[in-house]
Amino acid sequence: MEAYSDQRLSVVVVGMGQMGHSHALAYHRNPGFQIIGLYNRSPIKNLPDALRDYPFLSSFEEALALKPTVVSINTHTATHADYAVAAMESGAHVFVEKPVATTVEDAERVVRTAQQTKRKLVIGYILRHHPSWIEFIHRARQLGPPFVIRMNLNQRSSDDAWAIHKRLLQDVKNPIVDCGVHYVDVMLQIAGSKPVQVRGMGLRLCDDIPSDGQVNYGHLQVLFANGSVGWYEAGWGPMISETAYFVKDVMGPRGSVSIVMDEKDNSIDSAGASADINSHTKTSNLRMSTVVDGRAQDQILSMEGEPDHYELCAREQQFLLEAIREDRDLTQHMNDAIQSLSIVLAADRSMRENRAIDIV
């Protein structure tokens with residue numbers, strides 16, 4: 001591994017949608033990085049003023065020809081694996097948004113390439129860099145085992161947001177695959193046990209997505225070896241309810257802990273709070289309940305001052321910078337990404353085959 005010490009790392013950002021914008025701003029503001037090019041397959045829309053002076057590239061191949069130290073991949077999921085492999089084989093370290101691939105086999109190919117080329121591979125599990133979520137997981141771990149883990153992220157999307165979701169479904173077919181990897185990763189950290197069985201279900205709730213296996217509502221259940229159980233649901237589209245769209249709740253023999261969101265007044269004409277990207281990571285408060293002498297004692301823990309979406313992206317890229325400079329071992333990070341992906345894909349398979357899937 002090369003010694004990078006304190007030198008600035010050159011980076012090209014591939015994919016300039018919502019997440020690409022956010023990560024590009026993180027590189028722009030971090031003195032450890034120097035952006036040398038931006039690439040997007042289609043014309044870039046709504047580019048922040050801070051990014052307008054960087055060179056726009058005409059192809060992914062042109063991006064690799066610049067020999068960047070880092071390639072940041074924020075494209076549609078179906079391109080993640082091939083882009084990541086090509087970038088690492090060209091000599092670059094890689095940041096890639098989640099999911100790392102659309103199949104377990106491709107995810108394993110990406111990780112294998114990182115190991116063979118001795119390049120750093122960081123996958124965009126943004127909640128791992130969120131202090132409030134880290135605290136939530138820490139508090140939850142004190143309550144069991146076994147655990148009951150209940151989570152969802154339903155998004156009432158319309159107009160441009162619904163168009164983005166429909167484009168994502170072309171790659172992942174089921175919303176629990178795209179965003180479920182985050183929350184299954186949280187489940188795995190809390191349960192601390194091997195997942196043994198996955199069950200999944202899903203529905204196509206509208207006519208404006210193809211009837212080729214795509215569903216815009218999905219639900220999964222995970223059973224763990226230590227007796228813990230977890231569920232996660234995700235729905236996309238204008239028909240999605242705003243009631244209980246964000247549930248993050250853990251129960252165990254010694255009590256419970258929940259993320260408590262501030263109530264918002266959503267007009268009937270709005271996309272609603274669930275469409276706000278900051279609401280996907282924001283915690284507001286933790287409600288901690290512990291059982292003492294057979295009675296529950298509640299405590300509210302304020303998460304005031306927590307980082308917003310852009311600050312979390314900045315923390316992800318700082319993690320990447322330190323992993324490269326300090327030659328950190330990212331084996332566990334990469335294996336965890338494969339495991340969470342394998343579970344959400346097993347849930348999708350369970351839905352399609354109408355049976356429980358045992359995890360070997």
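Start with the salt bridges: this predicted model holds 18 of them. A few make good stops on a tour, so keep your viewer ready to show side chains.

**Stop 1: Lys 120 and Asp 327**

Select Lys 120 and Asp 327 and show their side chains, which meet in a salt bridge with an N to O distance of 2.8 Å. Now colour the backbone around each partner. Lys 120 sits in the loop between helix H4 (104–117) and strand E6 (121–123), while Asp 327 sits in the loop between H9 and helix H10 (331–353), so this pair ties together parts that are 207 residues apart in sequence. Is each partner buried or partly exposed? Lys 120 counts as buried, at 8% relative accessibility, because the cut-off for buried is under 20%. Asp 327, at 42% relative accessibility, counts as partly exposed.

**Stop 2: Arg 128 and Asp 336**

Next, select Arg 128 and Asp 336. They form a salt bridge too, and their closest N and O atoms are 2.9 Å apart. Arg 128 belongs to the loop between E6 and helix H5 (131–141) and Asp 336 to helix H10, so here the pair ties together parts that are 208 residues apart in sequence. Switch on a surface and look at both ends. Arg 128 is partly exposed, with a relative accessible area of 27%, whereas Asp 336 is buried, with 15%.

**Stop 3: along helix H9**

Move on to helix H9, which covers residues 309–325. Pick out Glu 311 and Arg 315, whose side chains meet in a salt bridge of 3.3 Å, N to O. How many residues apart are they in the helix? They are four residues apart in H9, which means a separation of about one helical turn. Glu 311 is partly exposed, at a relative accessible area of 34%, and Arg 315 is partly exposed at 33%.

Stay in H9 and select Glu 322. This residue is partly exposed, with a relative accessible area of 25%. Which residues does Glu 322 contact, leaving aside its neighbours within four places in sequence? They are Asp 327 and Arg 328. You have already met Asp 327 as the salt-bridge partner of Lys 120. Then add Gly 32 to the selection and draw a distance between C-alpha atoms: Glu 322 and Gly 32 are separated by 9.5 Å, although their positions lie 290 residues apart along the chain.

**Stop 4: a small network**

Select Asp 82, Asp 106 and Arg 109 together. These residues are linked in a network of salt bridges.

**Stop 5: strand E1 and its partners**

Finish with strand E1, residues 9–14, where six of the six residues are buried. Turn the strand to look at one side and then the other. Leu 9, Val 11 and Val 13 are buried on one side, and Ser 10, Val 12 and Val 14 are buried on the other, leaving both faces of E1 covered. In a regular strand, side chains alternate between the two faces of the sheet.

Now show the strands that pair with E1. Strand E2 (residues 33–39) pairs with E1 in the parallel sense over six bridges, and strand E4 (residues 70–73) pairs with E1 in the parallel sense over four bridges. Centre the view on Val 12: its bridge partner in E2 is Gly 37, and in E4 Val 12 stands opposite Val 71. To close, trace the backbone from E1 through helix H1 (residues 18–29) to E2, which together make a right-handed β-α-β unit.

Definitions and conventions: Residues are numbered from 1 along each chain as its sequence is written. This is a predicted model: local features need pLDDT of at least 70, side-chain atom pairs count only at pLDDT 80 or more; totals for chains, interfaces and linings use all residues. Side-chain values use heavy atoms; hydrogens and water are left out. Helices (H or I, at least four residues) and strands (E, at least two) are DSSP runs, numbered from the N terminus. Buried means under 20% relative accessible area, exposed over 50%, partly exposed in between (1.4 Å probe, protein chains only). Contact means heavy atoms within 4.5 Å. A salt bridge is a side-chain nitrogen of Lys or Arg within 4 Å of a carboxyl oxygen of Asp or Glu. Two strands pair if DSSP finds at least two bridges between them. A crossover is right-handed if, with the strands pointing away from the viewer, the path from the first strand over the helix to the second runs clockwise.
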